[in-house]
Amino acid sequence: MVLIHGRRIKSVKVAFRNLKRTSSDLRFIQRRDYRVSRWFGSKRDAKPPHAFGDNLRLIMPKLTPTSSSTSPLAERIHQAIAQADGWIGFDRFMAMALYEPGLGYYTNALQKFGTMPSSGSDFVTAPGISRLFGQTLAVQVRQALEVTQSGEVWEFGAGTGALALQFLESLGDAVHQYTIIDLSGTLRARQADTLLKYAHKVRWLDAWPEVMEGVVVGNEVLDAMPVQLLQRTQGIWHERGVVTSGDGFSWSDRPTDLRPPTEIEGQHDYLTEIHPQAEAFVASLAERMKAGRGAAAFFLDYGFPEAEYFHLQRHMGTVMCHQLHQADDDPLVAVGQKDITAHVNFTGMALAAQNTGLAVLGYTCQAWFLLNLGLAERMAEASLAERSQAQRLVNEHEMGELFKVLGFATSADWSARGFDQGDRSHRL
Ligand SMILES: C[S@@+](CC[C@H](N)C(=O)[O-])C[C@H]1O[C@@H](n2cnc3c(N)ncnc32)[C@H](O)[C@@H]1O
């Protein structure tokens with residue numbers, strides 16, 4: 001049964017604070033840069049940092065000027081910096097680096113998704129690892145379609161269209177219309193190609209509709225939304241932004257009134273992110289879901305509840321880049337040629353949904369979610385090769401634990417199957 005129904009998440013959060021010093025929590029903090037979906041073949045893959053100091057070395061952004069970059073995208077960002085009196089927040093930089101029309105990482109023609117660097121790809125996500133991912137998730141989507149008495153599925157940020165294809169193949173007539181909303185025009189063309197067989201059911205929207213009914217899904221979308229960086233130095237909070245430095249970019253901190261959502265214990269220097277854009281996204285979505293007759297949403301991504309996210313030891317933030325299946329910590333170089341991400345603060349997302357009047361259905365790790373939906377039974381019937389791929393979705397040291405699932409809906413009168421066991425809503 002879902003724990004959060006009828007209660008404010010904020011009151012539950014306090015209870016979780018006591019849990020953050022457990023050894024398993026610390027383990028994840030130390031390993032929080034492991035993202036199976038995006039580190040195949042990476043140097044980190046070859047030699048995981050076991051000591052906290054290793055992470056520090058790998059993650060701390062450089063405060064020295066970075067190498068020169070004179071691409072059209074870099075020129076555009078330099079112009080934006082100049083127009084903003086020499087400084088832009090990291091959220092603006094990240095938005096341009098990823099989504100500047102035609103030039104940003106997600107709007108240019110680079111390959112991005114794939115299993116091997118030899119294809120020119122940078123990372124692989126769960127639907128690209130195993131089709132059992134979408135087939136299993138479809139069990140949850142089917143239940144939610146029945147509950148909401150709808151035949152409509154909405155997917156945000158559909159990537160290659162692989163998850164949409166797995167859903168459409170699995171759900172058959174239960175889906176009447178499949179709507180994709182993606183910021184990337186180039187990916188839209190790729191999605192259309194993947195989904196040719198289902199062209200009669202699939203549509204793409206450029207703008208959000210007023211009302212959304214049925215089931216909404218987003219896999220690794222929230223982590224691709226721009227974040228603001230906050231840096232505490234000698235006890236003073238700053239917003240970390242980007243300035244021009246020769247042909248390239250470098251970091252620059254300004255004192256700010258902005259604060260993380262929870263107080264960070266201690267006085268040590270501390271870098272973190274806040275996620276106003278992702279929270280606004282969830283609130284906008286919730287408004288539209290509320291305007292209809294019934295809807296449920298499920299978001300899968302890597303991240304933590306607030307108490308873990310803003311843990312005193314996570315002092316180097318979670319911003320990471322991915323290029324050719326290697327992870328790095330410097331978003332200021334190779335701008336537009338690599339992905340930039342930040343982990344998701346799931347408490348913030350759940351609160352954004354709840355404060356807009358939706359009910360949190362559940363929150364758990366990807367392993368529990370998929371196992372509750374019958375992944376193990378599917379794997380038992382699959383070929384050995386398929387089984388070993390699907391194993392990555394649930395292995396604790398791969399995607400199973402770091403990736404989480406948050407579900408929210410217009411009605412709390414039902415229990416979503418994916419949260420049957422292992423629900424951690426009380427930790428939000
Ligand atoms: C890391 S990719 C994930 C793609 C896919 N869901 C998968 O699992 O392979 C992130 C995607 O989210 C999209 N995206 C980011 N912000 C978005 C927003 N506000 N609305 C719609 N799509 C968005 C990007 O364009 C991109 O396609």
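An angle between two helix axes counts as oblique when it is not under 35 degrees, not over 145 and not in the 65 to 115 range. Keep that in mind for this predicted model.

**A pair of helices**

Take helix α9 (residues 131-148) and helix α10 (residues 162-171): they pack at an angle of about 60°, and their axes are 8 Å apart. That angle is why α9 and α10 are called oblique to each other. The crossing of α9 past α10 is right-handed.

So who touches whom? On the α9 side you'll find R131, F133, G134, Q135, A138, V141 and R142, and they meet L163, Q166, F167, S170 and L171 of α10. Sorted by class, the residues of this contact are six nonpolar, four polar and two charged.

**Around the ligand**

The ligand has 20 residues around it, and the closest are T125, G157, G159, S184 and N219.

Here is how the classes split in the two places:

| Place | Nonpolar | Polar | Charged |
|---|---|---|---|
| Contact of α9 with α10 | six residues | four residues | two residues |
| Shell around the ligand | 13 residues | five residues | two residues |

**A look at W208**

W208 sits in the loop that links β6 (202-204) and β7 (214-219). Is W208 buried or exposed? Burial takes 20 or more other C-beta atoms within 10 Å, and exposure 12 or fewer. W208 has 15 within 10 Å, so W208 is partly exposed.

Setting aside neighbours within four places in sequence, W208 is in contact with I181, S284 and R288. Of these, I181 is 27 residues from W208 in sequence, yet their C-alpha atoms are 7.8 Å apart in space.

Technical notes
Residues numbered from 1 in each chain as written. Predicted model: local features only at pLDDT ≥ 70, side-chain atom pairs only at ≥ 80, totals over all residues. Axes fitted to C-alpha atoms, helices over the stretch in contact; angles between N-to-C directions. Helix = DSSP H or I, 4+ residues; strand = E, 2+ residues; numbered from the N terminus. Left-handed = near helix turned anticlockwise from the far one by under 90°. Contact = placed C-beta atoms within 7 Å. Nonpolar A, V, L, I, M, F, W, Y, C, P; charged D, E, K, R; others polar. Near = placed C-beta within 6 Å.
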